[in-house]
Amino acid sequence: TKKAFIFDLDGVIVDTAKYHFLAWKKLANSIGVDFTHTQNEQLKGVSRVKSLEKILAWGDKSISDAEFTRLMALKNDDYLTYIDTMDVQEILPDVTKTLDFLSNAKQHIALGSASKNARMILEKVHILEKFHVIVDGNDVTKAKPDPEVFLIAAQQLHVAPKDCIVFEDAVAGIQAANAAGMTSIGIGDKNTLNEADFVFTDFTEISAEFLNGLINR
Ligand code: G16
Ligand code: MG
């Protein structure tokens, strides 16, 4: 049977974490809160609302709902100025090669991201049309590690979860894929992503033989 390959966006297809870092740091510092790379790591795969809640907790700040909304908008406006500079060169190594291999093998290809800016980013790097289904932060009510985002993708493609393969860089994303009953492939550090069924440093390590093995399983 035809399988569905579901890709996370940030940290798998492109490295937008560096732009989230710049925008969150600027915002945090503007309200007198420190923001480090270590803290940025903890925001990976986490929604925008949850990210600001964490930053406020780290700085021991409490603000009104109106101020919360204002700060969220400020952060996103700043983030979008970075996104605006993105082009095809920002696609991570061998991602396009992998997408094309799967497309030639007539497999389903989907995006499963927490970001509300996912479509715009895919457009910016010119790979939007490679995805048959896009499920992002605008479609979900429960964030990873909840499996919702991946289950919606499977449902839209009419593919059983056991026939879905998820590529993820975040621990919460691997947990979401596992909870969905899908095959999980970690992209990143073996120790950090030890809950995944397979882990690779990046797509240059993923061979055609390995992908064929998943397709023909
Ligand atoms: C991404 C990032 C997170 C970010 C979230 C929401 O998720 O990893 O750091 O906070 O999207 O992004 P936005 O503010 O654009 O809605 P993913 O699932 O693509 O890794
Ligand atoms: Mg990610």
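A residue counts as exposed if 12 or fewer other C-beta atoms lie within 10 Å of its own, as buried if 20 or more do, and as partly exposed in between. Keep that rule handy for these exercises, and bear in mind that the model is predicted.

**Exercise 1. Work out whether Asn-138 and Asn-178 are buried, partly exposed or exposed, and say where each one sits.**

Step 1: Start with Asn-138. You'll find it in the loop between strand S3 (133-135) and helix H7 (148-157).

Step 2: Count its neighbours. Asn-138 has 12 other C-beta atoms within 10 Å, so it is exposed.

Step 3: Now go to Asn-178, which belongs to helix H8 (residues 171-180). Here the count inside 10 Å is 19 C-beta neighbours, and therefore Asn-178 is partly exposed.

Step 4: Look at what Asn-178 touches. Leaving out residues up to four places away in sequence, its contacts are Ser-184 and Glu-195. Glu-195 is 17 residues away along the chain, and the two C-alpha atoms are 8.4 Å apart.

Step 5: Try a distance for Asn-138 as well. Its C-alpha lies 30 Å from that of Ile-215, with the two positions 77 residues apart in sequence.

**Exercise 2. Find out which strands pair with S4, and in which sense they run.**

Step 1: Locate strand S4 at residues 164-168; 5 of its 5 residues are buried, so the rest of the structure largely encloses it.

Step 2: Sort its side chains. In a regular strand, side chains alternate between the two faces of the sheet. In S4, Cys-164, Val-166 and Glu-168 point one way, while Ile-165 and Phe-167 point the other way, and all are buried.

Step 3: Take the pairing with strand S1 (residues 4-7). S1 and S4 run parallel and are joined by 4 bridges. Ala-4 has Cys-164 as its bridge partner in S4, and Phe-5 has Ile-165.

Step 4: Take the pairing with strand S5 (residues 183-187). It is also parallel, again with 4 bridges to S4. Val-166 is bridged to Ser-184 in S5. To get from S4 to S5 the chain passes through H8, in a β-α-β crossover that is right-handed.

**Exercise 3. Follow S1 to its other pairing, and check whether its faces are covered or open.**

Step 1: Find the pairing with S2. S1 and S2 are parallel, with 4 bridges. Phe-5 finds its partner in S2 at Ile-109.

Step 2: Check the faces. Ala-4 and Ile-6 lie on one side of S1, Phe-5 and Phe-7 on the other, and all of them are buried, leaving both faces covered.

**Exercise 4. Pick out unusual backbone spots in three loops.**

Step 1: Recall the background. Most residues other than glycine have a negative phi, and most peptide bonds are trans.

Step 2: Look for a positive phi. Lys-106 has one near 60 degrees, and it sits in the loop between helix H5 (95-104) and strand S2 (108-112). With 8 other C-beta atoms within 10 Å, Lys-106 is exposed.

Step 3: Find another. His-158 has a positive phi near 55 degrees and lies in the loop between H7 and S4. His-158 is exposed too, because it has 9 other C-beta atoms within 10 Å.

Step 4: Turn to the peptide bonds. Lys-144 and Pro-145 are joined by a cis bond, with omega about 15 degrees. Pro-145 is in the loop between S3 and H7.

**Exercise 5. Describe the surroundings of ligand 1.**

Step 1: Count the residues. Ligand 1 is surrounded by 20 residues, and the closest are Leu-9, Asp-10, Ser-113, Ala-114 and Ser-115.

Step 2: Break the shell down by class: 5 residues are nonpolar, 10 polar and 5 charged.

**Exercise 6. Test whether the radius of gyration agrees with that of a compact globule.**

Step 1: List the parts. The protein has 9 helices and 6 strands.

Step 2: Compare the radius. A compact globule of 217 residues would come out near 17 Å, and the protein has 17 Å, so the two agree.

Step 3: Add the box. Along the principal axes, the C-alpha atoms fill roughly 55 × 35 × 30 Å.

Step 4: Finish with burial and contacts. Of the 217 residues, 35% are buried. Among contacts with a separation of 6 or more, 59% join residues 24 or more positions apart.

Note on methods:
Residues numbered from 1 in each chain as written. Chains lettered and ligands numbered in written order. Predicted model: local features only at pLDDT ≥ 70, side-chain atom pairs only at ≥ 80, totals over all residues. Near = placed C-beta within 6 Å. Nonpolar A, V, L, I, M, F, W, Y, C, P; charged D, E, K, R; others polar. Helix = DSSP H or I, 4+ residues; strand = E, 2+ residues; numbered from the N terminus. Contact = placed C-beta atoms within 7 Å. Pairing = 2+ DSSP bridges. Right-handed = clockwise from strand over helix to strand, strands pointing away. Rg over C-alpha atoms; globule rule 2.2 N^0.38 Å.
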